[in-house]
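Reader: I am new to reading structures, and I would like to understand how the words used for one follow from the numbers. Could we go through one together, step by step?

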Amino acid sequence: AREESRRSTSWTGPGRTSDGIPVAVLANVQDGAGARAARDTAAEGVGLFRTELCFLDRDFEPSVQEQADIYGEVLEAFAGRKVVIRTLDAGSDKPLRFAHHQDEPNPALGVRGIRIAARNAGILERQLDAIALAAEHVGHRPLVMAPMISTAAEAASFGDAVRAHELVPGVMIEVPAAALQADRLLRHVDFLSVGTNDLTQYTMAADRMSSELASLTDPWQPAVLSLVATAAAAGRRAGKPVGVCGEAAADPVLACVLAGLGITSLSCAGAAVARVGAKLGSVTMGACARAADAALATDSPVAARAAALGALETP
Ligand code: PEP
Ligand code: MG
């Protein structure tokens with residue numbers, strides 16, 4: 001533990017395994033202040049900017065210019081570096097009043113994320129206008145991804161909308177259907193980002209907010225790891241990057257397993273960046289791959305973690 005803490009205090013990036021295979025370590029942010037704070041870490045960029053968190057207190061949709069100013073702050077903080085902006089993930093645990101959600105008996109399975117665009121395409125269009133405006137103003141082009149994609153058709157329509165704004169499109173893998181269809185989604189977009197918080201919730205059919213179900217909502221669940229592996233393999237086949245931006249990326253041991261599954265970047269809270277980067281830098285990609293295989297071969301999260309730890313500690 002002392003050695004790990006020493007390693008993370010002195011870790012300055014960039015993310016790579018001890019044998020030099022790059023795995024970018026990025027930060028999750030929710031506004032300009034968060035991005036400026038993340039810049040003080042060794043994060044190489046922003047892997048997830050949760051835009052909906054800027055507007056949880058709003059009754060009315062912010063104007064394009066106001067949105068552009070907010071997005072521009074994040075772009076400026078990481079000028080010249082990778083920034084992934086997520087379009088509004090409204091609904092369920094993050095209701096936005098201006099998205100006019102109706103009462104739904106099952107909001108986590110309701111109109112959330114990209115699904116609000118089917119009812120109100122203007123919200124997405126204006127947000128993309130704002131991102132393009134911010135990009136032009138700052139002179140830095142971000143990547144833009146959609147939450148809660150379930151079908152290739154949704155990915156295709158999002159990809160078209162983002163490219164029409166001369167931005168680079170990607171989609172999140174949060175729904176098991178999306179992981180299973182990752183090959184097809186990648187025909188329409190340039191990258192994937194696995195949201196392990198929701199992917200775990202929907203794979204295990206267990207509410208991510210329930211403490212009673214914590215052993216099910218554990219990203220070490222072998223079924224979840226198997227879907228991450230499916231998405232990563234699709235990325236490898238297509239020659240396109242597949243990152244992880246859920247809380248799983250903040251666990252240094254799990255981060256090594258994700259890298260071993262073929263994940264190309266890890267985005268986590270700024271506070272976790274150095275620990276994740278330092279751990280990755282202490283193991284080879286071969287050990288990560290063995291840890292991933294060992295975890296996938298188990299029947300439970302506890303066994304998966306123990307098997308991964310064993311593999312990582314074996315030279
Ligand atoms: C996720 O689901 O893992 C994710 C990154 O999105 P959020 O936590 O904002 O739902
Ligand atoms: Mg999510």
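Author: Let us begin with the surface: the chain exposes about 13000 Å², and carbon and sulfur atoms supply 53% of that area. Please keep in mind that this is a predicted model.

Reader: What makes the radius of gyration of the chain agree with that of a compact globule?

Author: A compact globule of 315 residues would have a radius of gyration near 20 Å, and the chain has 19 Å, so the two agree. The C-alpha atoms fill a box of roughly 55 × 40 × 35 Å along the principal axes, and the chain is built of 14 helices and eight strands. Of its 315 residues, 54% count as buried.

Reader: Which residues coordinate the magnesium ion (ligand 2), and how do you know that they count as donors?

Author: The magnesium ion is coordinated by Glu174, through OE, and Asp198, through OD, at 2.0 to 2.1 Å; the cut-off for this metal is 2.8 Å, so these oxygen atoms count as donors. Glu174 belongs to the loop between β5 (168-173) and α7 (176-180), while Asp198 belongs to helix α9 (residues 196-204), and the two are 24 residues apart. Glu174 and Asp198 are both buried.

Reader: Why is the pair of Phe49 and Tyr71 called edge-to-face?

Author: The search of the whole structure finds two aromatic pairs. In the pair of Phe49 and Tyr71 the ring centres are 5.9 Å apart, which is within the cut-off of 6.5 Å, and the planes stand at 80°, which is over 60, so the pair is edge-to-face. Phe49 lies in strand β2 (residues 45-50) and Tyr71 in helix α3 (residues 64-77), so the pair ties together parts that are 22 residues apart in sequence. Both Phe49 and Tyr71 are buried.

Reader: And what makes Phe55 and Phe98 an edge-to-face pair?

Author: Their ring centres are 6.4 Å apart, again within 6.5 Å, and their planes are at 65°, again over 60, so this pair is edge-to-face as well. Phe55 is in the loop between β2 and α3, and Phe98 is in the loop between β3 (82-86) and α4 (116-119), 43 residues apart. Both Phe55 and Phe98 are buried.

Reader: How do you know that Cys288 and Cys256 do not form a disulfide?

Author: The sulfur of Cys288 is 4.5 Å from that of Cys256, its closest cysteine sulfur, whereas a disulfide needs the two sulfur atoms within 2.5 Å, so the distance is too far for a bond. For Cys54 the closest cysteine sulfur, in Cys245, is 16 Å away, which is too far as well. The search of the whole structure finds zero disulfides.

Reader: Why is Cys54 called buried?

Author: Its relative accessible area is 15%, and buried means under 20%, so Cys54 counts as buried. Cys288, with 0%, is buried by the same rule.

Reader: Is Met148 buried or exposed, and what about Glu166?

Author: Met148 has 1% relative accessibility, which is under 20%, so Met148 is buried; Glu166 has 60%, which is over 50%, so Glu166 is exposed. Met148 lies in the loop between β4 (143-146) and α6 (152-164), and Glu166 in the loop between α6 and β5. Phi is near 60° in Met148 and near 55° in Glu166. Most residues other than glycine have a negative phi, which is why such positive values deserve a mention.

Technical notes. Residues are numbered from 1 along each chain as its sequence is written. Chains are lettered from A and ligands numbered from 1 in the order in which they are written. This is a predicted model: local features need pLDDT of at least 70, side-chain atom pairs count only at pLDDT 80 or more; totals for chains, interfaces and linings use all residues. Side-chain values use heavy atoms; hydrogens and water are left out. Donors are N, O and S atoms within 2.8 Å of the metal (3.2 Å for Na, K and Ca); water is not among the atoms, so sites may look incomplete. Helices (H or I, at least four residues) and strands (E, at least two) are DSSP runs, numbered from the N terminus. Buried means under 20% relative accessible area, exposed over 50%, partly exposed in between (1.4 Å probe, protein chains only). Rings of Phe, Tyr and Trp (its six-membered ring) pair if their centres lie within 6.5 Å; planes under 30 degrees apart count as stacked, over 60 as edge-to-face and the rest as tilted. The radius of gyration is taken over C-alpha atoms; the globule rule is 2.2 Å times the number of residues to the power 0.38. Accessible areas come from the Shrake-Rupley method with a 1.4 Å probe; for residues, only the protein chains shown count as cover.
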